[in-house]
Amino acid sequence: MSEFSNVTVTREANVYFDGKVTSRKVTFEDGSYKTLGIMMQGDYTFGTEKAELMEIMAGELSYRLKDTTEWHHIKGGESFNVPANSSFDIKITELVDYCCTYLD
C-alpha cells in the first residue's frame, strides 16, 4: 500500500540519534498507527514495547534481533518482524525509507 486514506498525521517529528533517524506518526480511524521515517547511515539500537513490522521502502540495512548473533541483510521491498518487549540492532548502509507498523 503506497497511500493511506482517512488518517491523522502528527506534525511533530520523532527525532532520534542526533537527527539521524526521524519519523512521523500516522493514526488510522480505528486508533491503530504506523510511523513513516528515514534512517541515515549509522549503527543504532531500538527498543520495542509492541511487536513491530518494519517495512523497508528503499535503502539497505542489516539487523540483529535481541538475544541472537545472526545479522540479516535486507533492502527496499523487504521487511522484518520484531517481538514485543524486545530490541534490535540495526546497521544502515545507505539511506533507508521505512514504515513501521505496531502490532498488538
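## A walk through an all-strand model

Of this protein's 104 residues, 32% count as buried. Keep in mind as you look around that the model is predicted.

Let's start with the overall build. The protein has 9 strands and 0 helices, so there is little to untangle when you read along the sequence: the pattern is simply β-β-β-β-β-β-β-β-β. The radius of gyration is 13 Å, close to the 13 Å that the globule rule gives for 104 residues, so the protein is as compact as a globular protein of that length. If you would like a box to put around the C-alpha atoms, roughly 40 × 25 × 25 Å along the principal axes will hold them.

How does the chain connect across its sequence? Take the contacts between residues at least 6 apart in sequence: 57% of them join residues at least 24 apart. On the outside, the accessible surface comes to about 6,600 Å², and carbon and sulfur atoms account for 46% of that area.

Now step inside. The largest nonpolar core has 17 residues, and the members that touch the most others are Met-39, Leu-61, Phe-80, Ile-90 and Tyr-98. Which strands feed this core? At least two residues each come from strand S5 (42–47), strand S6 (51–65), strand S8 (79–82) and strand S9 (87–103). The largest share belongs to S9, with 6 residues.

Phe-80 is a good place to pause, being one of those members that touch the most others in the core. Set aside its neighbours within four places in sequence, and Phe-80 is in contact with Glu-52, Leu-53, Met-54, Leu-61, Tyr-63, Ile-74, Phe-88 and Ile-90. Two of the names in that list, Leu-61 and Ile-90, also appear among the core members with the most partners.

Finally, have a look at a pair of cysteines, Cys-99 and Cys-100. Are they buried or exposed? Cys-99 has a relative accessibility of 5% and counts as buried, and Cys-100 is buried too, with a relative accessible area of 2%. Why is Cys-99 not bonded to the closest cysteine sulfur? That sulfur, in Cys-100, lies 7.4 Å from the sulfur of Cys-99, which is too far for a bond, because a disulfide needs the two sulfur atoms within 2.5 Å. Seen from the other side, the closest cysteine sulfur to that of Cys-100 is the one in Cys-99, again at 7.4 Å and too far for a bond. By this rule the count for the model comes to 0 disulfides.

Terms used:
Residues are numbered from 1 along each chain as its sequence is written. This is a predicted model: local features need pLDDT of at least 70, side-chain atom pairs count only at pLDDT 80 or more; totals for chains, interfaces and linings use all residues. Side-chain values use heavy atoms; hydrogens and water are left out. A nonpolar core is a set of buried Ala, Val, Leu, Ile, Met, Phe, Trp, Tyr and Cys residues joined through side-chain atoms within 4.5 Å. Buried means under 20% relative accessible area, exposed over 50%, partly exposed in between (1.4 Å probe, protein chains only). Helices (H or I, at least four residues) and strands (E, at least two) are DSSP runs, numbered from the N terminus. Contact means heavy atoms within 4.5 Å. The radius of gyration is taken over C-alpha atoms; the globule rule is 2.2 Å times the number of residues to the power 0.38. Accessible areas come from the Shrake-Rupley method with a 1.4 Å probe; for residues, only the protein chains shown count as cover.
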